[in-house]
Amino acid sequence: MSHRYATTGSEGPIWRAWGGYPSEPHWQARFSVGAPTALAAAFTASLISTEPLHRDVKHIPFHTRRHL
């Protein structure tokens, strides 16, 4: 996972987090200045949670299954 702040071309800082290569991420999240603090906090907490995430194979995007 990687993250960074972007300040160009926006009304304020944008925080972006992603997994995989920046040019072709497996997933990504972007938070603008207007994002509720509770939403960004819940996202961050879910990343550090040690609780297992259970999914059926059919709920995992096909193009990312090879990374499991």
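The paragraphs below walk through the fold, the core, the pockets and one loop residue of this predicted model.

A good place to start is the overall layout. The protein contains three strands and one helix, and these elements follow one another along the sequence in the pattern β-β-β-α. Of the 68 residues in the protein, 18% are buried. The surface that the protein exposes comes to about 5800 Å², with carbon and sulfur atoms supplying 58% of that area. Contacts can also be sorted by how far apart the partners lie in sequence: among those between residues at least 6 apart, 11% join residues at least 24 apart.

Attention can now turn to the interior. In soluble globular proteins, nonpolar side chains tend to be buried together. Here, the largest nonpolar core is made up of five residues, namely Trp15, Ala17, Ala29, Phe31 and Phe43. Two elements, β2 and β3, each give two or more residues to this core. Phe43 is a helpful residue to look for in the structure, as it is in contact with Trp15, Ala17, Ala29 and Phe31, and also with Trp27, when residues up to four places away in sequence are left out of the count.

Trp27 leads on to the pockets, where it appears in two linings. The largest pocket has a volume of about 320 Å³. Its lining consists of Gly19, Gly20, His26, Trp27, Arg55, Ile60, Pro61, Thr64, His67 and Leu68. Strands β2 (14–21) and β3 (24–31) each provide at least two of these lining residues. Sorted by class, the lining of the largest pocket holds five polar residues, four nonpolar residues and one charged residue.

The second largest pocket encloses about 150 Å³ of space. Around this pocket stand Trp27, Ser46, Leu47, Ser49, Leu53 and Arg55. Three residues of this second lining are nonpolar, two are polar and one is charged. Trp27 and Arg55 thus appear in the lining of the largest pocket and in that of the second largest pocket.

A last stop is the loop between β3 and α1 (37–48), where Gly34 is found. Is Gly34 buried or exposed? With a relative accessible area of 67%, Gly34 counts as exposed, because the cut-off for that class is over 50%. Gly34 can also be placed relative to Ile14: the two residues are 20 positions apart in sequence, and their C-alpha atoms are 9.4 Å apart in space.

Notes. Residues are numbered from 1 along each chain as its sequence is written. This is a predicted model: local features need pLDDT of at least 70, side-chain atom pairs count only at pLDDT 80 or more; totals for chains, interfaces and linings use all residues. Side-chain values use heavy atoms; hydrogens and water are left out. On a 1 Å grid over the protein atoms alone, a cavity is a set of points where a 1.4 Å probe fits but cannot get out, and a pocket is an open set with protein on both sides within 12 Å along at least five of seven lines; lining residues have an atom within 4 Å of a point. Grid points are joined across faces, edges and corners, and a volume is the space filled by probe spheres set on the points. Helices (H or I, at least four residues) and strands (E, at least two) are DSSP runs, numbered from the N terminus. Ala, Val, Leu, Ile, Met, Phe, Trp, Tyr, Cys and Pro count as nonpolar, Asp, Glu, Lys and Arg as charged, and the others, Gly among them, as polar. A nonpolar core is a set of buried Ala, Val, Leu, Ile, Met, Phe, Trp, Tyr and Cys residues joined through side-chain atoms within 4.5 Å. Buried means under 20% relative accessible area, exposed over 50%, partly exposed in between (1.4 Å probe, protein chains only). Contact means heavy atoms within 4.5 Å. Accessible areas come from the Shrake-Rupley method with a 1.4 Å probe; for residues, only the protein chains shown count as cover.
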